[in-house]
Amino acid sequence: MSSSRAKIVAAVRASQPAPLPLPAVPEFTGPASVADFSAVLTAIGGRVVVLDGLPQLAEVLGQLFPANYLLASAMLPATLPVTSDTPIDRLAAVELAVLRAAFGVAENGTVWLPEANMLHRALPTITQHLVLVLDQRNLVATMHQAYAQVTDVGGYGMFLAGPSKTADIEQSLVIGAHGARSLTVLLH
Amino acid sequence: MKVALFVPCYVDQFYPQVAIAALQLLQKLGVRAAFPKQQTCCGQPMANSGCEQEARPVYHHFVDTFQDYDYVVGPAGSCVYHVRKHFDIIDQTPAVQHVRQATLELFDFITQVLGVTELPGAYPHKVGLHLSCHSQRGLHQANESELTPVRDGQLRRLLVKLGGLELTELDRNDECCGFGGTFCVSEAAISARMGQDRLADHLRHGTQVLTGGDMSCLMHLEGLVRRRQLPLRVRHAAEIFNEAFA
Amino acid sequence: MSPANTPTHAGRSELFLLDAERTTWHDETLWFVRQKRDKAVYATPEFQALRQLASDIKDHTLSRLAEYLEQFEAAALANGVRVHWAADAAEHNRLVLDIVRAAGASRVVKSKSMLTEECHLNPHLLANGVEVIDSDLGERIIQLRDEAPSHVVLPAIHLKKEDVGETFWQHLGTEKGLTDPQQLTEAARQHLREKFLAAEVAISGVNFAIAETGSVVVCTNEGNADLAIGLARVHIACLGMEKLLPRLSDLAVFTRLLTRSATGQPITTFTSHFTKPLPGREMHVVIVDNGRSKQLGRPDFRASLKCIRCGACMNTCPVYRRSGGHSYDFTIPGPIGAILSPNIDMRKHASLPFASTLCGSCTDVCPVKIDIHAQLYKWRQVLAAEGMLPASKQWSMKLLSRVLARPALFKAGGAVARLGLRFVPHGLTHAPGYNPWAIARELPAAPKQSFRAWYAQQPDHV
């Protein structure tokens with residue numbers, strides 16, 4: 001136990017005001033249809049494709065991406081297998097990662113991607129292109145419902161809303177900063 | 001109903017026509033306001049400079065001057081806001097409490113106490129409304145663009161009812177003009193730039209007569225207008241309504 | 001009126017404003033960001049309710065901060081996270097360097113953290129032989145230019161694409177004269193990718209720390225934090241202690257407010273929750289005080305600690321937009337900077353609470369309802385009481401008080417001023433050397449009579 005810790009906690013205790021109540025947060029809800037989710041995600045630079053059933057996955061991927069892309073996935077045969085032990089230089093070669101998202105949020109087009117679905121923690125951001133497969137029954141309206149769904153935050157998990165982007169150069173929007181250059185959500 | 005006219009110090013000395021217009025407008029609405037001549041200032045310039053402790057005697061003097069009136073009406077949102085909000089540092093005697101809540105901005109008095117929602121007459125000009133920050137965000141006399149896209153407010157409603165008056169719409173509905181009290185001299189460069197930008201917005205949208213409820217903002221803007229000889233006339237809203245009211 | 005070389009906001013602003021066209025560009029760029037925020041706010045009917053909830057959650061958290069800090073630490077420790085406590089910037093820097101050294105590392109990739117800017121971490125690491133690369137694009141640009149960020153969310157907002165093109169030509173070998181943002185960003189992506197792949201330690205800031213789970217939450221659009229942390233063996237999260245929230249569910253309120261307020265987006269691209277290190281890796285959290293407990297003890301100013309660093313106050317501030325972040329000379333610029341900085345160094349930052357017209361727009365946009373403009377006013381009183389105002393100002397205010405409390409003096413003073421205006425030559429009354437009003441404006445035309453003189457002459461005056 002460091003002395004700074006004791007000093008800081010004591011200083012905080014001495015400075016904080018009398019306790020104020022924690023408010024109750026209402027159940028804010030809203031529309032949560034495929035159309036609502038898709039409209040927002042498309043507007044923020046993502047792409048949404050509705051599958052005619054999960055068996056169509058490989059076929060649709062073939063239509064969207066070149067056949068020779070180095071593919072990492074647990075959902076279909078991978079050309080570049082990835083696990084948590086995969087060395088960095090192998091990982092860096094992944095061109096397309098196809099992962100399962102847990103649920104989506106209609107108000108902002110974001111999806112929850114828990115570590116268990118990532119294969120490797122860096123895969124969602126190191127891949128050039130990212131595809132997330134999502135059961136369309138798992139759409140919620142707002143972040144309030146979203147966090148209610150995250151019963152176990154695990155070791156690492158992210159809400160991902162569209163492709164990596166930046167507007168740091170004169171407020172010009174550029175898609176594909178450091179993470180994936182494109183984000184496609186396949187709904188089934 | 002005993003009503004006193006509170007005339008901001010700079011209006012008394014440099015823009016008496018605004019106080020005269022306020023007095024005459026009230027008269028036309030059936031209110032004979034008195035002008036207690038021992039009044040001086042609300043103390044805001046000092047308080048905004050960090051010297052509110054030095055302003056205490058000025059606050060007491062204000063309360064002494066006005067304590068016997070039912071309403072204290074001032075054609076200046078910023079001064080009125082200061083009395084209502086910042087006189088909380090002196091002992092809250094019954095007189096102080098009374099004066100704080102009885103001090104009203106001119107158009108708040110006209111609409112809320114007199115219940116007047118329309119003033120008569122015509123003013124066939126393109127009028128640009130400058131919303132003073134204290135009147136808008138302090139006294140809640142108009143909607144704030146930070147909260148809603150709907151441009152609405154007390155002065156707007158009264159002005160658009162004058163015959164022939166065309167209210168110009170600005171790009172930036174409620175950006176500060178840059179006066180800010182002593183800010184106008186301590187940060188003179190930014191103050192001037194802010195004022196020039198407001199005027200440019202008005203000119204872009206065809207304003208011929210620039211108005212508002214606060215002579216402090218208008219004094220600053222008029223100073224810029226005159227220096228650059230811009231094609232704008234500056235009139236306090238009290239002058240406009242008084243002129244229109246035959 | 002300040003000469004450009006005085007250490008005040010006014011002096012630095014004067015310099016900024018010399019380039020009128022660039023000022024227009026800076027002002028319009030930031031106003032555009034404000035407008036994007038407005039659009040998002042208008043489209044969210046419960047936005048005002050969310051602001052109140054966020055404000056209340058933060059008020060509650062600050063009132064039990066000691067308890068939440070202890071809860072956070074216990075949860076983090078149980079997750080295998082190492083927790084360190086830094087009383088000040090120097091200790092923070094020392095602790096971070098120790099962690100880097102203990103890991104046998106010399107290559108650090110950092111994602112955006114205003115806290116590490118506040119502590120001046122980079123120079124400390126560099127002086128001790130550690131390479132530190134800022135991976136956020138805006139931060140990398142200013143790192144290459146050896147400049148400080150000018151905004152909490154948009155660090156390079158003061159730079160034009162020509163400036164960035166010039167910097168990348170000098171440091172990254174891009175084509176001279178290249179200004180296309182897409183191509184410049186691609187060049188940065190390639191350059192930084194090498195750094196990510198080679199990084200041994202990833203340092204991040206923390207947007208929100210969750211007491212309930214011991215998690216740290218990092219929000220980015222670029223994904224740089226996730227990439228760096230995902231690859232590096234060691235993650236150091238630098239946490240300002242006011243960033244705590246009680247529960248995971250509280251994040252719903254804050255994630256709905258943060259980015260809408262900052263840029264008008266409904267949420268950042270990445271909202272990442274780091275809770276446990278992988279086996280064989282390390283995760284550290286450095287909890288930093290550095291003046292926060294002192295601010296917590298100031299009843300009038302503790303609400304400033306609710307800040308979630310969205311930057312909305314800067315985007316809306318008409319003064320910030322026309323003077324730029326560097327004119328504040330403090331890590332956090334703009335209205336929030338002006339109420340945080342006097343707590344750190346009252347004398348150095350005495351001009352900041354005065355760099356405002358108290359218009360109140362900042363208070364209106366703050367997602368956690370900090371009463372910014374009210375605090376600016378209160379800091380002015382504190383500064384005056386502490387003798388931080390220029391002597392001439394204190395003296396003139398005392399004089400003004402005497403005049404304003406005495407009607408006869410007031411009447412006489414006003415008469416003298418009007419007479420002066422009417423009869424003293426324009427060149428003298430308007431001399432910019434001693435009358436700063438007159439640099440850009442005419443003084444009001446002097447009326448023959450004051451109102452009170454006119455009133456006294458009216459036959460039926462009351």
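1. A good place to start is the fold of chain B: among its contacts with a separation of 6 or more, 76% join residues 24 or more positions apart. Please keep in mind that this is a predicted model.

2. Staying with chain B, you will find 13 helices and seven strands there. Its radius of gyration is 17 Å, close to the 18 Å that the globule rule gives for 246 residues, so chain B is as compact as a globular protein of that length. Along the principal axes, its C-alpha atoms fill a box of roughly 50 × 40 × 35 Å, and 59% of the 246 residues count as buried.

3. Now to the contact between chains B and C. Chain B contributes 60 residues and chain C contributes 57 residues. On the side of chain C that touches chain B, the elements giving two or more residues include helix 1 (9-17), helix 2 (20-42), helix 18 (372-385) and helix 20 (407-423) of chain C. The largest share, six residues, comes from helix 19 of chain C. By class, this side of chain C has 33 nonpolar, 13 polar and 11 charged residues.

4. Within chain C, have a look at helix 9 (residues 161-172) and helix 10 (residues 181-198), whose axes come within 11 Å and cross at roughly 35 degrees. The crossing of these two helices of chain C is left-handed.

5. Which residues meet where helix 9 of chain C contacts helix 10 of chain C? Helix 9 brings Lys161(C), Val164(C), Gly165(C), Phe168(C) and Leu172(C), while helix 10 brings Pro181(C), Leu184(C), Ala187(C) and His191(C). This contact has six nonpolar, two polar and one charged residues.

How values were computed:
Residues are numbered from 1 along each chain as its sequence is written. Chains are lettered from A and ligands numbered from 1 in the order in which they are written. This is a predicted model: local features need pLDDT of at least 70, side-chain atom pairs count only at pLDDT 80 or more; totals for chains, interfaces and linings use all residues. Two residues are in contact if their C-beta atoms, placed from the backbone, lie within 7 Å. Helices (H or I, at least four residues) and strands (E, at least two) are DSSP runs, numbered from the N terminus. Ala, Val, Leu, Ile, Met, Phe, Trp, Tyr, Cys and Pro count as nonpolar, Asp, Glu, Lys and Arg as charged, and the others, Gly among them, as polar. Axes are lines fitted to C-alpha atoms, for helices over the stretch in contact, and angles run from 0 to 180 degrees between N-to-C directions. A crossing is left-handed if the near helix is turned anticlockwise from the far one by less than a right angle, and right-handed if clockwise. The radius of gyration is taken over C-alpha atoms; the globule rule is 2.2 Å times the number of residues to the power 0.38. A residue is buried if 20 or more other C-beta atoms lie within 10 Å of its own, exposed if 12 or fewer, and partly exposed in between; C-beta atoms are placed from the backbone.
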